Amino acid sequence: MADIFALTKPPWEIVVRATVVYFALVLLVRVIPKRRAGSISPNDMVALIVIGGLATDAIMGGSDSVTDIVLMIGLIVAWSYVTDALEFYFPPLGRFLRDRQTTLVRDGRLLRRNMQRELITEDELMAILREERVSDLSMVEAACMEADGQISVVRKSR
């Protein structure tokens, strides 16, 4: 019974593994188009995915020990907090780790290169504009895909 609480790997190895996997996943999630990520930040998404995977291993008995898993989960939560704090105190880092808005319409004109990068079709964009009670592109000063995947619309002033 005591074996399930004993560390089976050296703590330094657990720290290195958790750190490498966390930051590798942060970088991988960074390349996902914004509309696929939804309203959750990439760092939070990574933390939830990794914690869920680790917790599943622990529940299913695939882990080496409960202490290993708890230490890894603690490290993932700590790295998530540290990266959020670093982004807050060092905005340039936040610009690297988090997506910024992408302008899809400017002065009534579609920016097709940006639409292609975000994988949004003209039909999808027009449907969103209609939901905002915009019937014609000429009524739009700007439409932007925000970092959370939502599209905001600024109408031209009359």
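A143 stands opposite V153 in strand β4, and the bridge partner of A142 in that strand is V154. These pairs belong to the contact between strand β3 (residues 140-145) and strand β4 (residues 151-155), which run antiparallel and are joined by 5 bridges. The model is predicted, and the description below should be read as a description of that model.

The hairpin of β3 and β4 has 5 residues between its strands, and G149 takes a positive phi near 95° there. D148 also enters the picture through a distant residue: D99 and D148 are 49 residues apart in sequence, yet their C-alpha atoms are 8.2 Å apart in space. D99 is found in the loop between α5 (91-97) and β1 (102-106). Is D99 buried or exposed? Its relative accessible area is 19%, and the cut-off for buried is under 20%, so D99 counts as buried.

The hairpin is part of an open sheet of 4 strands in the order β2-β1-β3-β4, with antiparallel pairing. The edge strands are β2 (109-110) and β4, each of which pairs on one side only. Helix α7 packs on this sheet and touches β1, β2, β3 and β4. The direction of α7 makes about 60° with that of β4.

Helix α7 (residues 122-131) also carries one end of a salt bridge. By the rule applied here, the model has 2 salt bridges. In one of them, R112 is paired with E122, the closest N and O atoms being 3.2 Å apart. This pair links distant parts of the chain, with R112 in helix α6 (residues 112-117) and E122 in α7, 10 residues apart. E122 has 34% relative accessibility and therefore counts as partly exposed, because that class lies between the limits of 20% and 50%.

The other pair sits within a single helix. R17 forms a salt bridge with E13, and the closest N and O atoms are 2.8 Å apart. Why are R17 and E13 separated by about one helical turn? Because R17 and E13 are 4 residues apart in helix α1 (residues 11-30), about one helical turn lies between them. R17 is partly exposed, with a relative accessible area of 43%.

Helix α4 (residues 66-89) includes S80. S80 has a relative accessible area of 8%, so it is buried. Leaving aside residues up to four places away in sequence, S80 touches Y22, N43, D44 and A47.

V82 also lies in helix α4, but its exposure class is another one: V82 is partly exposed, with a relative accessible area of 33%. V82 belongs to a nonpolar surface patch of about 980 Å², made by L27, Y81, V82, L86, F88, Y89, F90, L93 and F96. Membership of such a patch requires over 30% relative accessible area, so V82 at 33% meets that requirement. Which helix gives the most to the nonpolar patch? Helix α4 does, with 5 residues. Both α4 and α5 supply at least two residues each.

Taken together, helix α4 holds the buried S80 and also contributes to the nonpolar surface patch. Helix α7, in turn, touches the four strands β1, β2, β3 and β4, while its residue E122 forms a salt bridge with R112.

Notes
Residues numbered from 1 in each chain as written. Predicted model: local features only at pLDDT ≥ 70, side-chain atom pairs only at ≥ 80, totals over all residues. Heavy atoms only, no water. Buried < 20%, exposed > 50% of the residue type's maximum accessible area, 1.4 Å probe, protein only. Contact = heavy atoms within 4.5 Å. Salt bridge = Lys/Arg side-chain N within 4 Å of Asp/Glu carboxyl O. Patch = residues over 30% accessible without salt bridge, like charges linked within 9 Å, V, L, I, M, F, W, Y side chains within 5 Å. Areas by Shrake-Rupley, 256 points an atom, 1.4 Å probe, with all protein chains shown as cover. Pairing = 2+ DSSP bridges. Axes fitted to C-alpha atoms, helices over the stretch in contact; angles between N-to-C directions.
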